[in-house]
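Reader: I would like a close look at a single helix in this model, with the reasoning spelled out, and then a careful walk through whatever else helps to place it beside other parts of the chain.

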Amino acid sequence: MISIPRKTTDEVDWTTPSVISLLSPTDAVKGAGSDMTARDLLYKYFGQLELLELRFSEIRVNFPWRDAFTNKLITQTSIAYEKASILFQIASTHSAIAASQSRFDPEGTKRAFHYFRTCAGMLNYINENFLHAPSTDLSREVIKFLVGIILAQATEVFFEKCVDEKKANALVAKIGSQAAGLYTTLTEDVKEFMGKGIFDRNWVTLIQIKAKYFTSLAQYYRGLADSAASKHGEALVRFIQAETLAKEASRLATSFSSSFVAGVSATLPADAGPSIAERTKGHLVLCQDKKSEAQRENDLIYNAILPAFETLPAIEKTPVATPIHIHEVYGTPEVQKTIGQDFFIKLIPLSVHESASVYSEEKAKLVRGEVENAESAEVEARSALESMGIKEGLVRFRAMAEGEVGEEIPLEVSRWKKDISLVEDREPVDNLLLQLGRLKEGVQRDLDGISNDLDTESRECETKRVQYGHLWSQDPAAGLTKTLRQDLKSHLSALDAASASDLQVSRIWEAVRGDIQLLLGADLEQLFRDRAGSSGGHLLDLDVSGEDDDRERSKIGAYVQEIEERLGRLNKIARERGEVLKD
């Protein structure tokens with residue numbers, strides 16, 4: 001049996017990222033052989049590489065590996081390259097374990113069949129997940145050829161098992177035809193590599209021998225099946241064809257055995273030459289005896305007409321060896337126990353530290369913005385109250401409610417009117433509020449548009465990834481737009497906080513708008529004059545119907561109480577806002 005050669009490596013310097021815990025597995029892998037201990041070390045190291053990549057995908061370490069076929073040293077800093085190389089080592093170890101099993105023992109046959117299949121699964125995983133191979137041994141064409149060799153040998157093991165268990169000749173013929181087809185395909189594929197000097201010449205010769213050998217075996221067992229089905233003419237033709245192919249296989253094997261030097265081909269057993277020569281010679285003798293027996297019986301008994309070999313139906317092929325996926329291998333409790341605990345679990349990636357720092361800064365920025373908004377709202381509310389003279393006016397109107405004031409328009413009220421008129425003529429409060437609303441709507445539209453654009457881009461990216469699979473090389477949009485989304489969230493939060501503050505200002509303005517309009521009205525002086533003449537008019541009520549002073553004072557008292565309650569609510573809002581910011 002052929003086993004896959006191992007890659008070799010130099011020591012990896014992990015001190016740069018301070019992942020010292022990986023030094024021990026690396027050294028162990030470097031010096032490991034091709035037995036169960038090496039398998040477990042490779043399992044563990046690959047598992048830890050997977051965990052390392054999940055947490056530190058940005059890590060950059062020089063990984064030196066020598067090509068298994070050309071011995072060329074190739075160094076890369078990608079963890080993906082290290083993983084692909086380790087998977088190749090695992091496949092090589094599996095093939096060596098399978099090739100070393102004694103197939104005279106049922107358990108050995110079972111192990112050989114299993115490890116050939118897992119080897120093929122590891123190689124297929126390399127081809128499916130590592131598309132840009134930097135070395136010859138990891139290239140798609142070479143990996144595909146190695147998978148073909150391994151599956152052909154797995155089929156060969158299964159064929160031997162069926163022969164030992166004396167399965168039906170028709171079934172054995174189908175399995176032999178499958179093995180023959182695989183080896184024949186390999187003889188065609190290997191022509192592409194002949195001039196490149198990649199594979200061992202002994203591999204090429206051995207594959208050619210087995211292609212002839214298993215084609216002969218398939219014809220032989222199909223001949224036995226035809227003979228049992230009383231198709232004596234077809235059976236004899238197949239025995240003749242089996243003998244012809246067996247002679248070719250024996251001739252090639254004899255030449256191979258005479259030129260084969262044990263130890264030169266490390267991927268072949270020391271007795272590879274004599275062993276294949278003995279097997280083909282024994283099969284040739286068997287074919288000759290069976291052909292002679294069938295020919296004699298046909299001449300004496302059956303007298304069946306011999307059809308041309310080309311007219312015989314082709315032997316069906318029965319695939320029996322399929323690759324075992326890496327997930328099935330690593331999903332077993334035995335392998336999980338070998339991998340052990342994730343020793344990176346307590347380490348925090350640098351990207352997480354950076355994200356936490358960004359989060360803290362954004363949080364501080366948001367708090368500063370809210371504090372500024374709160375202080376601005378407080379100043380605006382205080383300025384509005386002071387400019388309208390609400391607090392000072394309450395003293396006078398409270399006195400009016402108590403019957404202590406009531407003639408001419410006060411100088412303080414005249415000053416209020418003058419100051420407010422100047423402000424209203426220059427920038428009316430209603431216009432400012434309308435302008436503020438339009439600006440806020442514009443900002444909201446811009447932010448919503450940005451959010452929709454980000455969602456659309458992320459959705460299109462994932463749609464293309466599903467459509468094109470591994471051909472789509474763009475990184476997920478979520479990681480690339482993370483900062484933009486954080487900024488967008490910050491701006492939306494600031495806009496919401498500002499909107500709440502604006503709403504409070506609007507409510508305050510609505511509460512005093514009537515009073516301001518009355519204060520700025522042309523009838524203010526007449527109202528005070530009428531009030532002085534006991535006509536019942538006063539600043540806070542337009543109803544001058546001539547009711548008695550007690551009722552008018554009661555109304556003023558009610559207005560004064562309402563204003564004081566609203567001022568109390570403003571103060572409460574300011575206190576609660578301060579407590580929230582403090583929290």
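Author: The expected span of a helix is 1.5 Å times one less than its number of residues. The model is a predicted one, and the helix chosen here is helix 15, which covers residues 429–468. With 40 residues, helix 15 should span 58 Å by that rule, and because its end C-alpha atoms are 58 Å apart, the expected and the computed values agree.

Which residues of helix 15 are buried? They include G442, L447, L454, S458 and C461. An α-helix has 3.6 residues a turn, so residues three or four places apart point the same way. What covers the buried residues of helix 15 includes helix 16, at residues 477–480, and helix 17, at residues 482–520. Just after the end of helix 15 comes G469, whose phi is positive, at about 60°.

Positive phi values also turn up at residues that are not glycine. One of them is K166, with phi near 55°, which sits in the loop between helix 5 (140–164) and helix 6 (169–189); with a relative accessible area of 72%, K166 lies over the 50% cut-off and is therefore exposed. Another is N303, where phi is positive at about 55°, and this residue is placed in the loop between helix 9 (272–302) and helix 10 (326–330). N303 has a relative accessible area of 57%, so it too counts as exposed.

A buried charged side chain offers another view of a helix. E243 belongs to helix 8, which runs over residues 232–259, and since its relative accessible area is 8%, under the cut-off of 20%, E243 is buried. Leaving aside residues up to four places away in sequence, E243 touches L284, C287, Q288 and K291.

The aromatic side chains can be read in a similar way. There are 17 aromatic pairs in the model. In one of them the rings of Y220 and Y221 have their centres 5.2 Å apart and their planes at 90°, and because planes over 60 degrees apart count as edge-to-face, that is how this pair is classed. Y220 is buried, because its relative accessibility is 7%, and Y221, at 14%, is buried as well. Both tyrosines belong to a cluster that ring pairs build from F159, Y183, Y213, F214, Y220, Y221 and F239. A ring can also have a charge over its face, as with F88, where K7 lies at 5.9 Å from the ring centre.

The sheet completes the picture. Three strands make up an open sheet in the order 1-2-3, with antiparallel pairing. Its edge strands are strand 1 (8–9) and strand 3 (73–76), each of which pairs on one side only. Strand 2, at residues 63–66, pairs with strand 3 in the antiparallel sense over four bridges, and within this pairing F63 stands opposite Q76 of strand 3. Helix 3, residues 79–99, packs on the sheet and touches strand 2 and strand 3, its direction making about 35° with that of strand 2.

To return to the helix of the request, helix 15 has an end-to-end distance that agrees with its expected span, has buried residues that include L447 and L454, and is followed by G469 with its positive phi.

Key
Residues numbered from 1 in each chain as written. Predicted model: local features only at pLDDT ≥ 70, side-chain atom pairs only at ≥ 80, totals over all residues. Heavy atoms only, no water. Helix = DSSP H or I, 4+ residues; strand = E, 2+ residues; numbered from the N terminus. Buried < 20%, exposed > 50% of the residue type's maximum accessible area, 1.4 Å probe, protein only. Contact = heavy atoms within 4.5 Å. Phe/Tyr/Trp six-rings, centres within 6.5 Å; stacked < 30°, edge-to-face > 60°. Lys NZ or Arg CZ within 6 Å of the ring centre and 35° of its normal. Pairing = 2+ DSSP bridges. Axes fitted to C-alpha atoms, helices over the stretch in contact; angles between N-to-C directions.
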